[in-house]
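Student: Hi! I've just opened this model and would love a quick tour. Could we go through it together?

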Amino acid sequence: MSAELAAALARVVGSENVLVDPELIEPYVVDWTRRWRGSAIAVVRPGTTAEVAEIVCACTEAGVAIQVQGGNTGLVGGSIPAVDGDTVVVSTRRLQRIDPVDSVSGQLTVGAGVTLGEVQRHARSAGWDYGVDLAARDSATIGGTVATNAGGIRVIAFGMTRTQVAGIEVVLPNGEIVEHLAGLAKDNTGYDLAGLLTGSEGTLGIITAVRLRLHRPTPDTSIAFIGVDDYAAAMRLLSSAVAADFRLLAAEVVDDTGIDLAMAISDLPWPWPNRHRLGLLLEVADGGTGEGFDAAVLDSLDVVIGIDRLDQERLWAYRELQSEAFTTHAATTPGGVAHKMDISVPLAHLADCAEELRTRMLDYPAVAAFGVFGHLGDGNIHVEISGPAPDDDEIDRRVLSVVSGYGGAVSAEHGIGRAKTQWLSTSRSDSEVAAMRAIKRAWDPRDLLNPGVLFSG
Ligand SMILES: Cc1cc2nc3c(=O)[nH]c(=O)nc-3n(C[C@H](O)[C@H](O)[C@H](O)COP(=O)(O)OP(=O)(O)OC[C@H]3O[C@@H](n4cnc5c(N)ncnc54)[C@H](O)[C@@H]3O)c2cc1C
């Protein structure tokens, strides 16, 4: 890094917040999956929006690329430098503003670096709740969840992150601060910039604060973890749960391989008396009659019910340990890392798609374990494969082409990152991609913000 840029960055954030030692930089240039790695000349840790703006100006003046990073829990390589050349990682974790909950509007303004878990706890302490939840809650930041339009386990009840965003503050690639945090319930004054920035994966600006919509907490809930033998049976149960007289809060699926691997890294037992290929976890808000739900299921031996908090946490653990379980297993295979893919398929085709994936992946020579888990109610499943080498893209290609064949999306909630840039055009039309590129060019003509993320070349 040039001495001028180093001095300019240190003037903005203090030298203690400019990391240049390779050992200190290391955690910022390897992603959570350990499949993706990049290089950076420095990591800068601003503590205010004004500091972010000054850093952007200093880097653009020096012609140095910026990589935005929140909690670094993203699973598509979008959080670490994707291209060769000089890059500064801007970590948002010190953007820790937390305003009091506005109890009239049911909204909350927080800095981009606040974790999802802290937002949930802060909202609950004021008698509200936040509608996004996912297993990485204590590391993922609000800025990251907005930048990726994160989904998670509550989409069936509250929608994706975009639905919860009422306002945004962002630093654009030209260093300008754009602030729109009023959170008006009605505001038809031009383009919805918060909507555009949500899901932009750090390619259009650095989000520094977000105004979130909250909701009243759900009263008590109940969970059923049901053993089933194929996706068609799981889909039938899901339809019955959707039609029944109760409020469905989550509908998640895990397969037998994933359950075995979760058991290997925890003290969880096999959940039912009998072996099953799939487990369907349904969580419902108490209060409904349940009329219309397939009652025979609940009389079966192969259902575990969770009423109190500890039992529920234990049942959720089968689902929440999945990503870590496959990562741990993959570390024991020649490939060393898990290939993780996040796809969605129209619900009508999900059973066929999942069965076809299983058949086609298990005959791939290097595969040591193949598993599927995810948000069944959203038609969103995560495919995990251990065994193949990190750069064995053929296995990813096979999965994604099966998904395209069923009219699915190659990314349901994790984003495109660097992992799926060449697949963007299979889920979006040429004219859509051209429109996206035009926006990117207009806002970031020199391609200095997150180059190599979302678009290839
Ligand atoms: C165990 C586990 C479970 C997970 N479960 C889910 C799940 O159920 N649903 C789901 O959707 N995801 C899930 N994820 C993926 C991940 O947690 C989400 O993508 C999350 O939104 C990333 O947040 P982050 O702060 O870690 O962002 P990072 O990983 O740091 O960054 C992700 C992307 O957002 C950009 N970015 C980050 N912060 C900002 C900012 N302030 N301004 C602009 N751009 C920014 C980065 O440049 C990058 O492109 C899971 C991950 C793990 C490890």
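**Charges, ligand and loops**

Student: Let's start with glutamate 320: buried, exposed or partly exposed?

Tutor: Glutamate 320 is partly exposed, because its relative accessible area is 24%. Here buried means under 20%, exposed means over 50%, and partly exposed is in between, with a 1.4 Å probe and protein chains only.

Student: Before we go on, what kind of model is this?

Tutor: It is a predicted model, where local features need pLDDT of at least 70 and side-chain atom pairs count only at pLDDT 80 or more, while totals for chains, interfaces and linings use all residues. Numbering runs from 1 along each chain as its sequence is written, and side-chain values use heavy atoms, leaving out hydrogens and water.

Student: Thanks. Which residue forms a salt bridge with glutamate 320?

Tutor: That's arginine 137, with the closest N and O atoms 2.7 Å apart. A salt bridge needs a side-chain nitrogen of Lys or Arg within 4 Å of a carboxyl oxygen of Asp or Glu. This pair links distant parts of the chain, 183 residues apart: arginine 137 sits in the loop between helix 4 (116-125) and helix 5, and glutamate 320 in helix 12 (residues 309-320). Helices and strands are DSSP runs numbered from the N terminus, helices being H or I with at least four residues and strands E with at least two.

Student: And arginine 137, buried or exposed?

Tutor: Arginine 137 counts as buried because its relative accessibility is 17%. Its side chain also meets that of aspartate 133 in a salt bridge, at 2.7 Å from N to O, and aspartate 133 is buried too.

Student: What does arginine 319 pair with?

Tutor: Arginine 319 has a salt bridge with glutamate 252, 2.6 Å from N to O. Again the pair links distant parts of the chain, with arginine 319 in helix 12 and glutamate 252 in strand 10 (residues 247-255), 67 residues apart. Arginine 319 and glutamate 252 are both buried.

Student: Which residues are joined into one network by shared partners?

Tutor: Asp363, Glu394, Arg397 and Arg398 are, through salt bridges that share partners. The overall count is 25 salt bridges.

Student: New topic, the ligand. Which residues come nearest?

Tutor: Val68, Gly70, Thr73, Gly74 and Thr141 do, out of 36 residues around the ligand. A residue belongs there if one of its heavy atoms lies within 4 Å.

Student: What are the polar contacts like? I'd start with threonine 73.

Tutor: An N or O atom in the side chain of threonine 73 is 2.7 Å from a ligand oxygen. For asparagine 450, a side-chain N or O atom is 2.8 Å from an oxygen of the ligand. Glycine 151 uses a polar backbone atom, 2.9 Å from a ligand oxygen. The protein buries 96% of the 970 Å² that the ligand exposes when taken alone. Those areas come from the Shrake-Rupley method with a 1.4 Å probe, and for residues only the protein chains shown count as cover.

Student: Which element gives the most to the shell?

Tutor: Helix 5 does, with four residues. Strand 3 (65-69), helix 5 (142-147) and strand 8 (206-213) each supply at least two.

Student: Now backbone oddities. What's up with phi at asparagine 149?

Tutor: Phi of asparagine 149 is near 50 degrees, a positive value in a residue other than glycine. Most residues other than glycine have a negative phi. Asparagine 149 lies in the loop between helix 5 and helix 6 (155-158), and it is buried, because its relative accessible area is 10%.

Student: And arginine 34, what phi does it have?

Tutor: Arginine 34 has a positive phi of about 65 degrees, although it is not a glycine. Arginine 34 is in the loop between helix 2 and strand 2 and counts as exposed, because its relative accessibility is 56%.

Student: Last one: which backbone oxygen does the side chain of histidine 339 reach at 2.8 Å?

Tutor: That of alanine 389. The side chain of histidine 339 also reaches the backbone oxygen of proline 388, at 3.5 Å. Histidine 339 is in strand 13 (residues 339-344), and it counts as buried because its relative accessibility is 0%.

Technical notes: Polar contact = N/O pair within 3.5 Å; in protein donor to acceptor, adjacent residues only side chain to side chain.
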